[in-house]
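The report below accompanies a single protein chain and moves from one local contact set to the overall fold and then to selected residues. Please read it with the coordinates open.

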Amino acid sequence: EVPAITGVHSIASHYLLAYGTEAQKQRWLPALVRGEHLAAIAMTEPGCGSDLKALRTRARRDGAHYVIDGAKTFITNGATCSLLVLAARTGEAGSRGVSLIVLETENLPGFRVGRVLEKIGQHASDTAELFFDGVRVPTENLLGSAEGQGFFQLMSQLPYERMLVAVPASTSIELALELTL
C-alpha cells in the first residue's frame with residue numbers, strides 16, 4: 001500500500017522538479033519531504049476523461065491571480081492532498097491552451113472535495129472528485145515559464161508516472177508467482 005502514496009507524491013514532486021522555478025522548489029519540495037504536504041495531480045475530468053486536449057476546467061487571469069472554475073474526477077489523494085498540481089485551460093482550445101498550476105488546498109475558498117470514490121485496489125490512498133468555484137491562486141503558482149506549456153509538460157512526464165505503476169505491479173506479480181510455486 002505504500003507505493004500508491006509514494007507514487008503520487010513522486011509524480012507531483014517530479015513536475016515541481018522539472019518545471020518549477022527555484023522559488024517554487026524551495027517553497028514546496030522541502031514541505032513535501034517533511035510530510036507537511038501530501039501531493040496529488042489533477043488531470044481527469046467528468047465528460048472528457050483523460051483527454052488532456054479537451055480540458056474544460058478554466059483558469060482565467062485576473063490581475064495577479066488565476067480564477068479557477070471546473071471539476072476533476074478520479075483524483076488519487078484528492079480528498080487528502082494539501083498540494084495539488086492542476087491541469088487547467090488558460091488559453092485556446094486544444095493542446096496549446098493547457099497549463100499546470102499549483103494549489104495549496106487547505107482552507108482554500110472555492111475549493112471543494114466531492115465524493116470519495118470506491119475502488120478495487122490501493123486503499124492507502126483515496127480517489128475523489130474535486131470542484132473549483134472561483135478559486136483564486138497567485139499567477140506565480142504557474143509551473144513553467146509561460147502559459148500553454150501544460151500539455152507538453154504532461155506528455156513529457158506521464159511515462160514516469162506509468163513506470164511508478166508498472167514496476168511495483170511487476171514486482172507484486174513476481175512475488176505472487178514465487179509464493180504460489
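Which residues does Arg 61 touch, not counting residues up to four places away in sequence? In this predicted model, Arg 61 touches Tyr 66, Thr 139 and Glu 147, with residues up to four places away in sequence left out of the list. Arg 61 itself belongs to strand 2, which covers residues 58-62. Its C-alpha atom is separated by 9.6 Å from that of Val 137, a residue 76 positions away along the chain.

**Overall fold**

The secondary structure of the chain amounts to 3 helices and 8 strands, and reading along the sequence gives the order α-α-β-β-β-β-β-β-β-β-α. The C-alpha trace spans about 65 × 35 × 30 Å along its principal axes. The radius of gyration is 16 Å, which agrees with the value near 16 Å that a compact globule of 181 residues would have. Of the contacts in the chain with a separation of 6 or more, 70% are made by residues 24 or more positions apart.

Buried residues make up 45% of the 181 residues, while the chain exposes about 9400 Å², of which carbon and sulfur atoms supply 57%. As for charge, there are 16 positive and 19 negative side chains, and the centres of these two sets lie 8 Å apart.

**Nonpolar cores**

The largest nonpolar core holds 23 residues, and within this core Tyr 15, Leu 16, Leu 143 and Leu 154 touch the most other members. At least two residues of this core come from each of helix 1 (2-19), helix 2 (22-33), strand 1 (39-42), strand 4 (83-89), strand 5 (98-104) and helix 3 (150-180). Helix 1 gives the largest share, with 5 residues. Apart from this core lies another of 19 residues, among them Leu 84, Val 135, Val 137 and Leu 142.

Tyr 15 also illustrates how distant parts of the sequence meet: leaving out residues up to four places away, Tyr 15 touches Gly 20, Ile 41, Leu 100, Leu 143, Gln 153, Leu 154, Gln 157 and Leu 158.

**Selected residues and their exposure**

Three residues can be set side by side by location and relative accessibility.

| Residue | Location | Relative accessibility |
|---|---|---|
| Gly 70 | strand 3 (residues 65-76) | 27%, partly exposed |
| Asn 77 | loop between strand 3 and strand 4 | 1%, buried |
| Asn 107 | loop between strand 5 and strand 6 (111-116) | 79%, exposed |

Why does Asn 77 count as buried? Its relative accessible area is 1%, and the class is assigned because this value falls under the 20% cut-off. Asn 107, by contrast, counts as exposed because its 79% relative accessibility is over 50%. Gly 70 counts as partly exposed because 27% lies in between these two limits.

The backbone adds a further detail for the two asparagines. Asn 77 has a positive phi of about 65° although it is not a glycine, and the phi of Asn 107 is likewise positive, near 55°, in a residue other than glycine.

Gly 70, for its part, touches Thr 57, Leu 130, Phe 131 and Phe 132, not counting residues up to four places away in sequence. Between Gly 70 and Asn 107 there are 18 Å from C-alpha to C-alpha, and the two residues are 37 residues apart in sequence.

Methods. Residues numbered from 1 in each chain as written. Predicted model: local features only at pLDDT ≥ 70, side-chain atom pairs only at ≥ 80, totals over all residues. Heavy atoms only, no water. Helix = DSSP H or I, 4+ residues; strand = E, 2+ residues; numbered from the N terminus. Rg over C-alpha atoms; globule rule 2.2 N^0.38 Å. Buried < 20%, exposed > 50% of the residue type's maximum accessible area, 1.4 Å probe, protein only. Contact = heavy atoms within 4.5 Å. Areas by Shrake-Rupley, 256 points an atom, 1.4 Å probe, with all protein chains shown as cover. Lys, Arg positive; Asp, Glu negative; His and termini not counted. Charge placed at Lys NZ, Arg CZ, Asp CG, Glu CD. Core = buried A, V, L, I, M, F, W, Y, C linked by side-chain atoms within 4.5 Å.
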